[in-house]
Every structure is written in C-alpha cells, then in structure tokens.
Amino acid sequence: MSHKILILSGDGIGPEIMAEAEKALSMLIQEFGLRVEIEHGLVGGAALDATGGPLPETTLALARSADAVLFGAIGGPQWDTAPRELRPERGLLGLRSGMGVFANLRPVQIFPELVSASALKPEVVSGLDILIVRELTGGIYFGQPRELTRGADGRRFGVNTLRYNEDEIRRIARVAFAAARGRGRRLCSVDKANVLETSELWRQVVVETAAEFPEVQLEHMYVDNAAMQLVRSPKQFDVMVTDNMFGDILSDLASMLSGSIGMLPSASLDERRRGLYEPIHGSAPDIAGRGVANPLATVLSLALLLRHSLGEQVCAVFLEQAVRAALQQGLRTADIHSPGTTCVGTGAMGDAVVAALRRAAAA
Ligand code: IPM
Ligand code: MG
C-alpha cells in the first residue's frame, strides 16, 4: 500500500533541514522498498508572502487527506509585525487544530555520543529517556475569549482564556497512560492544581483515568517543581503528561538535557494516529540560509512519522540507526560540536545519514 505524505518546509532553516530529510526519504524509497506519494505545500511566512495567509486552504486540505505531514519550521522577524491572525505561528496552530492532532509526543533522549554536549553533568543525563506528552489543541493557546484591546478608560489590556473540558483531558491522559504502559510504566502528571481550577479538573480526570491502567504508577507534580526536578534529576521521569502551555515550556527546558534542541523530534497524533511531525526547534532566522543548521531533529521526526503514522517500523529503525552512525563517525553540526569531533554543515550531515542508509541496505 502506498502512503501519502505532505511536506511543509516553512520558513527560516525549514527548507534547508527538510532537504536533508527528503534525501533520506528518497533513499528509503529507492533501497528499502518504502512506498509513499509525496506532496509539497506552503505554510507560515512563505505562504503569507505567496497567498496572503499563513495557512492556505489548499494546504489544510492536503494535510487532512494525507496520512502524515512532515513540517519544518515557521516564522521570522520579517513577519513579526503582520497582524496577529496572519502571523506564521497561526499557520502552525491552525494546522494542529485543523488536523485535530491533540496528542503531542516529545521524546527526550540522549545519544551516548552527545552526553558531553549537555549543559548538565554526564552522570545526571547519561541514559536519559523521557517522553513528554503535551496536550496540543486546547488550553490557553485556543481558549476564547482572547483579545488585545483598549478598555473604556483608554488603557490597553490583553485577555487569554485557559479552558479545558473533561473529554479533552481524558483523551490526552489515555494517550499518556498507554505510552507509559508500553515503556517504564510510570506517569507524572504536571499541573498547577494549587492555584488553577483547570488544573484541579486535570488532576481529577487523570486520577479517574488511572483506573483504566492499573499497571501504571501515577504521580502528580506542580509545574514549577517539575521544571526544577527536570534540571535536578531528570532520570526520575519516565512519561510526563501536561497541558498545552506547560508542555511548550517544559519541552524546551528538557531539550537542553539532550545536548541540543536541534536533536529533538516530535509527533502530534489524532485519534486515528494520523499525524503532524516536526522538530521541536524553531526557524532559527539568525542562521537561516547559511547551511549550518542541524537537520537531525527533522530526520528523526521522519523516523517517528514512519513508525507512528505509516507503521513502517523497519524503515524507522534503519533511519534512527543511520543518525546514530553519523554521530559515531564523529560528525557534528555547530550546535552539538565539541572538541575532538568534526564540525560539518547541514548538507554534509544529511549526506552522512544517507550514506549510512546505503551501507545498511547493502549489508
Ligand atoms: C512549539 C513552538 C510553537 C508552540 C510555536 C511556534 C507556536 O514553540 O512547537 O513548541 O508554542 O507550540
Ligand atoms: Mg515551543
């Protein structure tokens, strides 16, 4: 059966890193018998410039009819002054909500080769393997009312609404419990139940859902403490589940444990495991176009896509092993470079992954 993939490169370093993932994808098609139909679309600032909006209807329609979407990055200073509803970020948020991908999986693992690239001591991070499950289509990112306006007294004010209903919490809790059941069987639910009503509900529903997963050990943690614990002793965590905004913040924080935000992929799934796959880093306008960005988070996002949405486990494993092989050869992009390793650009890193795939196919 042939699968349909939509590729959205976006802005900034997006096109550069996506080119490397596409090289790897071509190799999987040529040498490993992977069958996919590939389409391309516009999103973010690139779409805004070309069509007047950050998420053209054609892009959303293609995304909805694809089995999976591979996404690069969006945004850049040239669009920061556009009206808020036209900003590139709205394109990404519209895509997430339009595809209904409420479950964002952000694995934080550290390659043994990169232990020294972490900001933390080797003994604190080596062997680290955490999965952050972030609710992605609700909470304060989407709650109504929202506005930035002027009051009757002439003063400006801003409003956002943090709102969750129990169904939204239950479905993300189930995804997290099921993920925990398949790995270390420990789930930490992160909230701010000492202050927020939404968090109080979050906790109630997570506790109720726990009854469906008796083999998983559940604990609760306030988000401020969770941030501290992630830096103090991150290996205490197996799976963490949290709301949209807490998950946004904690996943950036956790990315640094792995050495570089340039290494971390993510998967966002709907009920049927169709998904949107993106590196967790942004469009890095400061280094865009220079050929120095790390393409590995995008390549690893492609591996997640193959595994979770296409069911192509073998290709996923070969691709992940190819990334590992490139690191074992001592190749590093600038963000993960350390003394004794070879600093390479985006294209050379992608070529090394492709070469490792070719060797694996020949073996
Ligand atoms: C992320 C990003 C996005 C988010 C931005 C670009 C809208 O930070 O995927 O973590 O806040 O969700
Ligand atoms: Mg973020």
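Two strands count as paired here if DSSP finds at least two bridges between them. Keep that in mind for the first few views, where P107 stands opposite L131 in β5. Everything shown comes from a predicted model.

**Figure 1. Ten strands line up in one open sheet.** Reading across, the order goes β2-β1-β3-β12-β11-β4-β5-β10-β8-β9, and the pairing is mixed. The edges belong to β2 (36–40) and β9, each of which pairs on one side only. From one strand to the next, the twist averages 20°. Helix α1 packs on this sheet, where it touches β1 (3–10), β2, β3 (68–73) and β12. Its direction makes about 155° with that of β1.

**Figure 2. Strand β5 has β4 on one side and β10 on the other in the sheet order.** What holds for the surroundings of β5 (residues 129–135)? Of its 7 residues, 6 are buried, so the strand is largely enclosed by the rest of the structure. Strand β4 (residues 103–109) and β5 run antiparallel, with 7 bridges joining them. Two spots to look for along this pairing: L105 sits opposite V133 in β5, and P107 sits opposite L131 in β5. With strand β10 (residues 239–242), β5 pairs in the parallel sense, this time over 4 bridges. There, R134 has T242 in β10 as its bridge partner. As a reminder for anyone tracking side chains, in a regular strand they alternate between the two faces of the sheet.

**Figure 3. Two arginines put their charged ends over aromatic rings.** R134, the residue bridged to T242 in β10, shows up again here. Its charged end sits over the ring of Y141, at 5.3 Å from the ring centre. In the other example, R171 places its charged end over the ring of F102, and the distance to the centre is 4.2 Å.

**Figure 4. F32 and F318 make a tilted aromatic pair.** The structure holds 3 aromatic pairs. In this one, the ring centres of F32 and F318 are 4.9 Å apart, with 45° between the planes. The pair links distant parts of the chain, since F32 belongs to helix α1 (residues 14–32) and F318 to helix α11 (residues 313–328), 286 residues apart. Is F318 buried or partly exposed? Its relative accessibility is 25%, so F318 counts as partly exposed.

**Figure 5. F177 and F213 stack.** The planes of these two rings make an angle of just 10° and their centres are 5.1 Å apart, so the pair is classed as stacked; the cut-off for that label is planes under 30 degrees apart. F177 is in helix α6 (residues 166–181), while F213 is in the loop between α7 (197–210) and β9 (217–222), 36 residues apart. Both F177 and F213 are buried.

**Figure 6. A salt bridge joins E278 and R96.** The count of salt bridges comes to 17, and this is one of them. The closest N and O atoms of E278 and R96 are 3.1 Å apart. E278 lies in strand β12 (residues 275–279) and R96 in helix α4 (residues 88–99), so the contact ties together parts 182 residues apart in sequence. Buried or exposed? E278 has a relative accessibility of 4% and counts as buried. R96 is buried as well, with a relative accessible area of 5%.

**Figure 7. R203 and D191 meet in a salt bridge.** From N to O the distance is 2.8 Å. R203 is in helix α7 and D191 is in strand β8 (residues 186–191), 12 residues apart. The two partners fall into separate exposure classes: R203 is partly exposed at a relative accessible area of 22%, whereas D191, at 1% relative accessibility, counts as buried.

**Figure 8. R307 and E320 bridge two helices.** Here the closest N and O atoms are 2.8 Å apart. R307 lies in helix α10 (residues 296–308) and E320 in helix α11, so the bridge ties together parts that are 13 residues apart in sequence. R307 counts as partly exposed at 22% relative accessibility, and E320 is partly exposed too, with a relative accessible area of 23%. Helix α11 is also where F318 of Figure 4 sits.

**Figure 9. Four charged side chains form a salt-bridge network.** The members to pick out are E166, D167, R170 and E208, linked to one another through salt bridges.

Note on methods
Residues are numbered from 1 along each chain as its sequence is written. Chains are lettered from A and ligands numbered from 1 in the order in which they are written. This is a predicted model: local features need pLDDT of at least 70, side-chain atom pairs count only at pLDDT 80 or more; totals for chains, interfaces and linings use all residues. Side-chain values use heavy atoms; hydrogens and water are left out. Rings of Phe, Tyr and Trp (its six-membered ring) pair if their centres lie within 6.5 Å; planes under 30 degrees apart count as stacked, over 60 as edge-to-face and the rest as tilted. Buried means under 20% relative accessible area, exposed over 50%, partly exposed in between (1.4 Å probe, protein chains only). A charge sits over a ring if NZ of Lys or CZ of Arg is within 6 Å of the ring centre and within 35 degrees of the ring normal. Axes are lines fitted to C-alpha atoms, for helices over the stretch in contact, and angles run from 0 to 180 degrees between N-to-C directions. Contact means heavy atoms within 4.5 Å.
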